[in-house]
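Morning, everyone. Please have a look at the model on the screen before I start.

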Amino acid sequence: MYRWDGGFIMVDREHFDQAVQWYEELLGWKCLDKVTSWVGRKAFMKLPRSGVVTIKSFEGEYDHFQSITTEGNVRLGFATYDIDKTLHYLADKNVAYTDINVLPNGQRYCDIFAFENTKLTIAEEPRGDDKTAYPPSGIVGFGNVNTIIHVRDPRLSAEWYEKHLGFNIIKVDEAKGFAHLQTEDAYDRNELNQSLWDCQ
């Protein structure tokens, strides 16, 4: 069973400390700890609402770690309660972003260009009863859609993720060109007796 563990945001090793500082100052994330090991440096960043993401330095000469010419088809997604307010804040900080699009479930989303032009996806979701005060960026944590995987064939891809990684298929809509999958969250599974996170 594949379990969601929060993922890595990769940065150049020479700019590791600046990256941590950027995410703390601009997005309001908190560095819990930094470690150095044979696979590089890591900083564990606590997100304002919930979740931890790891900033990881590129190490070694492994081609599969970094490509200058190609771009991956997977987006790490974060939640905001007001995408317009978040983008206004980011524009004031000279952070570029793409046009706003709409997911098949109706959520508005876009990519932002974070430190060293790393693309991160933000998706707007309802605030509900949450009255917590958050940092000005408004990027509060992982949301109800935490990963967007771009594929050519949603049904075939969904079946692959189900068979090989243990994802649950919630819905496949070939007419609209998407599949909605869920997987377990590692921390919630081990500490809080299981929670499911969404991928689209």
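I'll go through the fold, the cores and the cysteines.

First, the ground rules. This is a predicted model, so to speak of local features we need pLDDT of at least 70, and side-chain atom pairs count only at pLDDT 80 or more, while totals for chains, interfaces and linings use all residues. Numbering runs from 1 along each chain as its sequence is written, and side-chain values use heavy atoms, with hydrogens and water left out.

The protein chain has four helices and 14 strands. These are DSSP runs: H or I of at least four residues for helices, E of at least two for strands, numbered from the N terminus. Of its 200 residues, 43% count as buried. Buried means under 20% relative accessible area, with a 1.4 Å probe and protein chains only.

Now the largest nonpolar core. A nonpolar core is a set of buried Ala, Val, Leu, Ile, Met, Phe, Trp, Tyr and Cys residues joined through side-chain atoms within 4.5 Å. This one holds 31 residues. Which of them touch the most other members? Tyr23, Trp29, Met45, Ile55 and Phe78. Elements that each supply at least two residues include helix H1 (16-27) and strand E5 (52-57). H1 gives the largest share, seven residues.

Take Ile55. Beyond its neighbours within four places in sequence, its contacts (heavy atoms within 4.5 Å) include Phe16, Tyr23 and Met45.

There is also a second, separate core of six residues, among them Tyr161 and Phe167.

Last, cysteines. Cys31 is buried at 18% relative accessible area. Cys110 is buried too, at 1%.

Conventions: Buried < 20%, exposed > 50% of the residue type's maximum accessible area, 1.4 Å probe, protein only.
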